[in-house]
Amino acid sequence: LQDLNLNDDTNNNNNDRNFELDVDNNNTMLDVKDLSQKAQNYVQDGEYDLALVLFGKVMAMYIKAYGKIHPLVAGTYHNLGIAHSHRAGLFLNDTSPKKYALKQALQCFQAAARTARDSLGKDHPNVAVSLVKVGFLLLRSRQYQQARVTFEEALRIRLSYFGNDYPHLLIANLHNNLGICELYLHNFHKSDKHLNRALEIQRSILYTERIKSTEEQLRLRLLEIADTLSNLGGLGLEWTRKEGPQKAGITSKA
């Protein structure tokens, strides 16, 4: 089966991440926020070990100030997960260091989702942000059923937040990823449904934004559509290989 195009929201300008919440207006907490920003800068500069050290200090200070169940603690878990994920990219595939870094990332994103849920409520969009990262790592590690359950919960939250009829790229991303999960599980009809829903949303957004968007924004929207069409092509190939051309029922219209 060919490589498929996953989406973990990393390059999405419409990301609903909102972990930079206001902190108490005192010197200690402002220092923590500065420390957190410095750690994020280290991540951007590729200094992942330094970032992990600083995020660890930020976590300890937030827990001391607010306790273990707080949105800022959730945000720091999420940022730790990002640092571990990037650090994993430094190692060769199937090596112990890479596997360990990805395991650490998964644990951090799971803790972020859990802490966000307990501090903000089960339907808060921040919960979905971390769940997407969890699902992405599960899917990459071929834990397809667990990834599907995780993406389904993230989709439920986002549909609750944005509404069923609102065309949002974050919802399209989840339909795309669920389509890939169902493909690997050989649930071809469900895969086709999710991928076509992703394509429908992406085309709706492109049509709506085509006049006011910059050339670069339009290029990104077209690339997203191309990725989904490529995934539909992968679905068609696998469906045909497994069940034959007569039974493969791809419904998309390029």
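Begin with the whole protein chain in cartoon view and follow it from the N terminus: the elements run α-α-α-α-α-α-α-α-α. That amounts to nine helices and zero strands. Please bear in mind that this is a predicted model.

Next, display the surface of the chain. About 13600 Å² is exposed, and carbon and sulfur atoms supply 49% of that area. Of the 254 residues, 45% are buried. If contacts with a separation of 6 or more are considered, 66% of them join residues 24 or more positions apart.

**First stop: helix α1**

Select residues 27-44, which form helix α1, and find S36 within them. Is S36 buried or exposed? Its relative accessibility is 6%, so S36 counts as buried, the limit being under 20%. Now show the side chains of F55, V58 and N79: S36 touches these residues, when those up to four places away in sequence are not counted.

**Second stop: helix α7**

Select residues 169-184, the helix α7. Of its 16 residues, 15 are buried, so α7 is largely enclosed by the rest of the structure. The length of α7 can be checked with the distance tool. At 1.5 Å a residue, the expected span is 22 Å, and the end C-alpha atoms lie 23 Å apart, which agrees. Move on to H186, just after α7, where phi is positive, at about 65°.

**Third stop: the aromatic rings**

The structure contains five aromatic pairs. Select Y144 and Y184 to see one of them: the ring centres are 4.6 Å apart and the planes meet at 5°, so the pair is stacked, since planes under 30 degrees apart count as such. Which helices does this pair link? Y144 belongs to helix α6 (residues 144-162) and Y184 to helix α7, and the two residues are 40 residues apart, so the pair links distant parts of the chain. Colouring by accessibility shows Y144 as buried, at 18%, whereas Y184 is partly exposed, with a relative accessible area of 25%.

Then select F162 and Y166. Their ring centres are 6.2 Å apart and their planes are at 15°, so this pair is stacked as well. Y166 counts as partly exposed, at 45% relative accessibility. Add Y161 to the selection, and a cluster appears: ring pairs link Y161, F162 and Y166.

**Last stop: a charge over a ring**

Finally, select Y207 and R210. What sits over the ring of Y207? The charged end of R210 does, at 4.0 Å from the ring centre.

Definitions and conventions:
Residues are numbered from 1 along each chain as its sequence is written. This is a predicted model: local features need pLDDT of at least 70, side-chain atom pairs count only at pLDDT 80 or more; totals for chains, interfaces and linings use all residues. Side-chain values use heavy atoms; hydrogens and water are left out. Rings of Phe, Tyr and Trp (its six-membered ring) pair if their centres lie within 6.5 Å; planes under 30 degrees apart count as stacked, over 60 as edge-to-face and the rest as tilted. Helices (H or I, at least four residues) and strands (E, at least two) are DSSP runs, numbered from the N terminus. Buried means under 20% relative accessible area, exposed over 50%, partly exposed in between (1.4 Å probe, protein chains only). A charge sits over a ring if NZ of Lys or CZ of Arg is within 6 Å of the ring centre and within 35 degrees of the ring normal. The expected span of a helix is 1.5 Å times one less than its number of residues. Contact means heavy atoms within 4.5 Å. Accessible areas come from the Shrake-Rupley method with a 1.4 Å probe; for residues, only the protein chains shown count as cover.
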